[in-house]
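User: I have some questions about how the terms apply to this structure. Could you take me through them?

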Amino acid sequence: MALATNDRTGDGWQGIVRSFCSRSKLALITEHLTDSSLASNSKASETALETSVHEFGRHWDFRENLWESSPFLEQWLLEEEPAQLAADLFSSDKVWLLRDQTYFKPPGSEHTPWHQDAPFIPVEGCSFLTLWIPLTPIVSSCDAPLEYWQASYPCCHLLDGGASKRSYRRYEQEWQEQNWTHLTTEGLLPGDCSYHDGWTLHGSKGHTGTKDRLAFVAVYGCGEGLLRLCPVMNLAPTSLRSQVQLLRQGLHRSCFEGLEEGDPVPGHHNPWIRCEPKQEHHIHSR
Ligand SMILES: O=C(O)CCC(=O)C(=O)O
């Protein structure tokens, strides 16, 4: 396993790992994930979060917590390559699985608006790490690579929470003018992956390529914290506050069902990984 990139600037933390998983194994995972009988959440109906994502990304195949109905996926995410990478990046054995997600986008699909993951997770006191695992080659900018922007100084991004293409381009232009660092997952192949901490700004353009762009996402938490559904966000724009509230409620239902404000996290729905850290790649998020 070779770390090709490991960029830590003022805020956020991002990197790329080449060949973290063999192509043959990833092909099996892809076959499994694209099997139409694999349901999300082991629940019969769509979750609230899935509904809200579908309302925006009309063409996306967005499902979450597939591990709950698939022992094969559960083992991969808790014991094998992604789990080992999470243990290594956190340099910790106190790592648990928050969720998995599919971002399967057919040609013509909508962009993913710029966002940070941490404000949407209803937890205080834990660090979060997202592994973005492409199942199809990200050959060019047409294949909707995941993109990252990092300021060279620590700052809190109070984005307006808008999902329009105009807002996406406006931010991109602003950050370019301010000489922020821009990173892209263009060039990643199945078997490679990209990772970011909960405070890294990321998004992806609309998919203008000709083949489906399939990405699988696993989000891990580190340490123990508390369930926090309504954080104080006095300075944030109203649109961001409502988006945070909506998504925290969605995650409450899909990942922390039965827990109440202030309860300890991880709860009984959130499994610990079964790996010890082997390599030192420290991740420190807040
Ligand atoms: O693949 C995408 O377009 C979005 C993925 C994402 O937001 C994430 O990995 O946190």
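User: Gladly starting with the strands: which residue is the bridge partner of Gln 150 in β8?

Analyst: Thr 181 is the partner of Gln 150 there. This is a predicted model, in which local features need pLDDT of at least 70, side-chain atom pairs count only at pLDDT 80 or more, and totals for chains, interfaces and linings use all residues. Residues are numbered from 1 along each chain as its sequence is written.

User: What makes β7 and β8 a pair?

Analyst: Two strands pair if DSSP finds at least two bridges between them, and strands themselves are DSSP runs (E, at least two residues; helices are H or I, at least four), numbered from the N terminus. Four bridges join β7 (residues 147–150) to β8 (residues 181–184), running antiparallel, so the definition is met. β7 also pairs with β10, again antiparallel, over three bridges; one partnership there is Glu 147 with Gly 203.

User: Why are β5 and β13 called edge strands?

Analyst: Each of them pairs on one side only. The open sheet has three strands in the order β5-β12-β13, with antiparallel pairing. Strands β12 (residues 225–227) and β13 are joined by two bridges, and Gly 225 has Val 265 as its bridge partner in β13.

User: How do you know that both faces of β7 are covered?

Analyst: Glu 147 and Trp 149 on one side, and Tyr 148 and Gln 150 on the other, are all buried. Buried here means that 20 or more other C-beta atoms lie within 10 Å of a residue's own (12 or fewer is exposed, in between partly exposed; C-beta atoms are placed from the backbone).

User: Why is helix α4 described as largely enclosed?

Analyst: Nine of the ten residues of α4 (residues 81–90) are buried, so the rest of the structure largely encloses the helix. Among the buried ones are Leu 85, Ala 86 and Phe 90. The cover includes β2 (13–18), α3 (71–79) and β3 (95–105), where contact means C-beta atoms, placed from the backbone, within 7 Å.

User: What makes a group of residues a nonpolar core?

Analyst: A core is a set of buried Ala, Val, Leu, Ile, Met, Phe, Trp, Tyr and Cys residues joined through C-beta atoms within 7 Å. The largest has 54 residues, and Ala 86 and Ile 273 are among those with the most contacts inside it. Apart from that core lies another, of six residues, including Trp 149 and Tyr 168.

Key. Contact = placed C-beta atoms within 7 Å.
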